[in-house]
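The following exercises practise the reading of a protein model. Please attempt each task before turning to its solution.

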Amino acid sequence: MGMSFSGRVALVTGAAAGIGRATALAFADEGLQVVVADLDETGGEATVRAIRENGGEASFVRCDVTRDADVAHLLATTLDTYGRLDYAFNNAGIEIERHKLAEGSEAEFDAIMGVNVKGVWLCMKHQIPALLAQGGGAIVNTASVAGLGAAPKMSIYSASKHAVVGLTKSAAIEYAKKGIRVNAVCPAVIDTDMFRRAHEADPRKADFAAAMHPVGRIGKVEEIAAAVLYLCCDAAAFTTGHTLAVDGGATAI
């Protein structure tokens, strides 16, 4: 992409698979040193191996983003290992909801809000001081098209992603004059392991998912990674507080 990332350091949460892994690989391809964070040690180490086999530099840190001590350790390890942090992609999230609002459980609510909202908040809480100390940087949070509108049978998930948008915009304004840009990427349906499992359980979901996008297909993880790298790069220096929908036209309808 030619975005002058060489020598810089990126941190990616939820990097054991899917969008997180694709973005970690894309950062590494651009010459960045990458910290791969996830609860899934096997998947996280596999991401690191893939980066190293391609000539890149990466390290894995196990992290539960809902735990302040884990996130503090993640940032400390990043700084101890690489000496700096330039970009953070707060991508860890869960999607476990399959019922209408009144049929949801308190356990589902706590789990979804814990990872998707508290996790993003904790990550930014610890990332921002590191970025301030070196004079700036960029943060991208994973929201969703569900955070830009309604998501039937996913009301808690939708609320969590609306909250990510709110956190993103508020942090962007708070630190706009401090050299820290904060944006969110909002994917629609993306071809991930999670989507494939749903497709295997009900093949009709694939046709429905394709039809909801005017371009006639679901998205690729590499397309989200490309959007994240753009939001981090110097070419996006005038972009902050933005929610970038990467959705095949779904939100334009």
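**Exercise 1: Contacts and overall form**

Task. Determine what share of the contacts between residues at least 6 apart in sequence join residues at least 24 apart.

Solution. Contact means heavy atoms within 4.5 Å. Among contacts in the protein between residues at least 6 apart in sequence, 70% join residues at least 24 apart. The model is a predicted one, in which local features need pLDDT of at least 70 and side-chain atom pairs count only at pLDDT 80 or more, while totals for chains, interfaces and linings use all residues. Residues are numbered from 1 along each chain as its sequence is written, and side-chain values use heavy atoms, with hydrogens and water left out.

The next step concerns the overall form. A compact globule of 253 residues would have a radius of gyration near 18 Å, and the protein has 17 Å, which agrees. This radius is taken over C-alpha atoms, and the globule rule is 2.2 Å times the number of residues to the power 0.38.

**Exercise 2: Two buried charges**

Task. State which side chain of opposite charge is nearest to Glu108 and which is nearest to Lys161.

Solution. Begin with the terms: buried means under 20% relative accessible area, exposed over 50%, and partly exposed in between (1.4 Å probe, protein chains only). A salt bridge is a side-chain nitrogen of Lys or Arg within 4 Å of a carboxyl oxygen of Asp or Glu. Lys and Arg count as positive and Asp and Glu as negative; His and the chain ends are not counted.

Glu108 belongs to helix α4 (residues 106-133); helices (H or I, at least four residues) and strands (E, at least two) are DSSP runs, numbered from the N terminus. Glu108 is buried but has no salt bridge, and the nearest side chain of opposite charge, Arg98, is 7.9 Å away.

Lys161 lies in helix α5 (residues 155-174). Lys161 is likewise buried without a salt bridge, and its nearest side chain of opposite charge is Glu95, 8.0 Å away.

**Exercise 3: A pair across the sequence**

Task. Explain what the salt bridge between Asp234 and Arg8 ties together.

Solution. First, the closest N and O atoms of Asp234 and Arg8 are 3.4 Å apart. Asp234 lies in the loop between α8 (221-232) and β7 (243-246) and Arg8 in the segment before β1 (9-13), so the pair ties together parts that are 226 residues apart in sequence. Finally, Asp234 is partly exposed at 45% relative accessible area, and Arg8 is partly exposed at 23%.
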